[in-house]
Amino acid sequence: MGEIVIHARGSRAVRELEALRAALAPWFECSEATGSSLDPPQGIVLFDRVDDLLGQTLRELSAGDRRLLALQVGALDLAAEQHWELLRAGAADVQLWEGPQSAAVIANRLQRWQQIDRLLSSKAVAENLCCES
């Protein structure tokens, strides 16, 4: 079982937080994001509107190479520019939370990120790369 951090931004997102946590329980242990370097390297920011506070949250929580999935709650119709704004602020991807039925898709994305991290930190990769960025 993996471990991720989750954070909710907005009143509707806060109401959906427990449903998200329960839906992901078969795959992940979810803890509240603290912004600490001790937090797991992957996480979710659940949101119900795009504003400056969401951008600030994404910047703070993505510091230190943490991959964040920005998970939209509700029928908010994101414009292309808003989507790019979230990616520039630190989200690695933006998806729609459609309730517990979307948990498997979300879990697959987070598990893939974890697989990539394991591969990148493997001895084989470290011995064959010429430098780090």
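Which residue in β5 is the bridge partner of A70? Keep that question in mind while you open this predicted model, and let the tour lead you to it by way of the sheet.

**The sheet as a whole**

Begin by colouring the strands, and you will find an open sheet of five strands in the order β2-β1-β3-β4-β5, with parallel pairing. At the edges stand β2 (28–32) and β5, each with a single partner strand, so one side of each is left without a neighbour in the sheet. If you turn the view slowly, look for the twist, which averages 30° from one strand to the next. As a general point to carry with you, the strands of a sheet pair through backbone hydrogen bonds, either parallel or antiparallel.

**Strand β4 and its two neighbours**

Now select residues 67–73, which make up strand β4, and note that this strand is mostly covered, since six of its seven residues are buried. On one side, add residues 42–47, which are strand β3; six bridges join β3 to β4, and the two strands run parallel. Within this pairing, select V45 and look across to A70, which is its bridge partner in β4. To follow the chain itself, trace it from β3 through helix α2 (residues 52–62) to β4, a β-α-β crossover that is right-handed.

On the other side of β4, select residues 91–97, strand β5, which is joined to β4 by six bridges and runs parallel to it. Here the opening question is settled, for the partner of A70 in β5 is V94. The chain crosses from β4 to β5 through helix α3 (residues 80–89), and this β-α-β crossover, too, is right-handed.

Stay in β4 and select L68, which lies in this strand. Is L68 buried or exposed? With a relative accessibility of 0%, L68 counts as buried, because the cut-off for that word is under 20% relative accessible area. If you show its contacts, leaving out residues up to four places away in sequence, you will find that L68 touches several residues, including I44, V45, L58, L61, A92 and W113.

**Helix α2, between β3 and β4**

Move next to α2 and select its buried residues, which are L54, G55, T57, L58, L61 and S62. Looking down the axis of α2, you will see these buried residues fall within an arc of 160°, so they line one face of the helix. A general rule helps in reading such a view: an α-helix has 3.6 residues a turn, so residues three or four places apart point the same way. The buried residues of α2 pack against β1 (2–9), β3, β4, α3 and β5.

Then visit the two ends of the helix, one after the other. At its start, a side-chain oxygen of D51 reaches to within 3.2 Å of the backbone nitrogen of L53, while just after α2 you can select G64, which takes a positive phi of about 80°. In the loop between α2 and β4, select R66, which counts as buried at 8% relative accessibility. Show its side chain and follow it to the backbone oxygen of L61, which it reaches at 2.8 Å.

**Where α3 meets α2**

Select A89, whose place is in helix α3, and which is buried, with a relative accessible area of 8%. Which residues is A89 in contact with, leaving aside its neighbours within four places in sequence? They are G55, L58, R59 and S62. Take L58 from that list and draw a line between the two C-alpha atoms: A89 and L58 are 31 residues apart along the chain, yet these atoms are separated by 5.7 Å.

**Helix α4 on the sheet**

For the last stop, select residues 103–120, which form helix α4; this helix packs on the sheet, touching β1, β2, β3, β4 and β5, and its direction makes about 165° with that of β5. Within α4, pick out Q114, which is buried, with a relative accessible area of 14%. Not counting residues up to four places away in sequence, Q114 touches G2, E3, I4, F28 and Q42, and you may select these together with Q114 to finish the tour.

Conventions:
Residues are numbered from 1 along each chain as its sequence is written. This is a predicted model: local features need pLDDT of at least 70, side-chain atom pairs count only at pLDDT 80 or more; totals for chains, interfaces and linings use all residues. Side-chain values use heavy atoms; hydrogens and water are left out. Buried means under 20% relative accessible area, exposed over 50%, partly exposed in between (1.4 Å probe, protein chains only). Helices (H or I, at least four residues) and strands (E, at least two) are DSSP runs, numbered from the N terminus. Two strands pair if DSSP finds at least two bridges between them. A crossover is right-handed if, with the strands pointing away from the viewer, the path from the first strand over the helix to the second runs clockwise. The arc is that of the directions from the helix axis to the C-beta atoms. Contact means heavy atoms within 4.5 Å. A polar contact is a pair of N or O atoms within 3.5 Å; within protein, one must be able to donate a hydrogen and the other to accept it, and residues adjacent in sequence count only if both atoms are side-chain atoms. Axes are lines fitted to C-alpha atoms, for helices over the stretch in contact, and angles run from 0 to 180 degrees between N-to-C directions.
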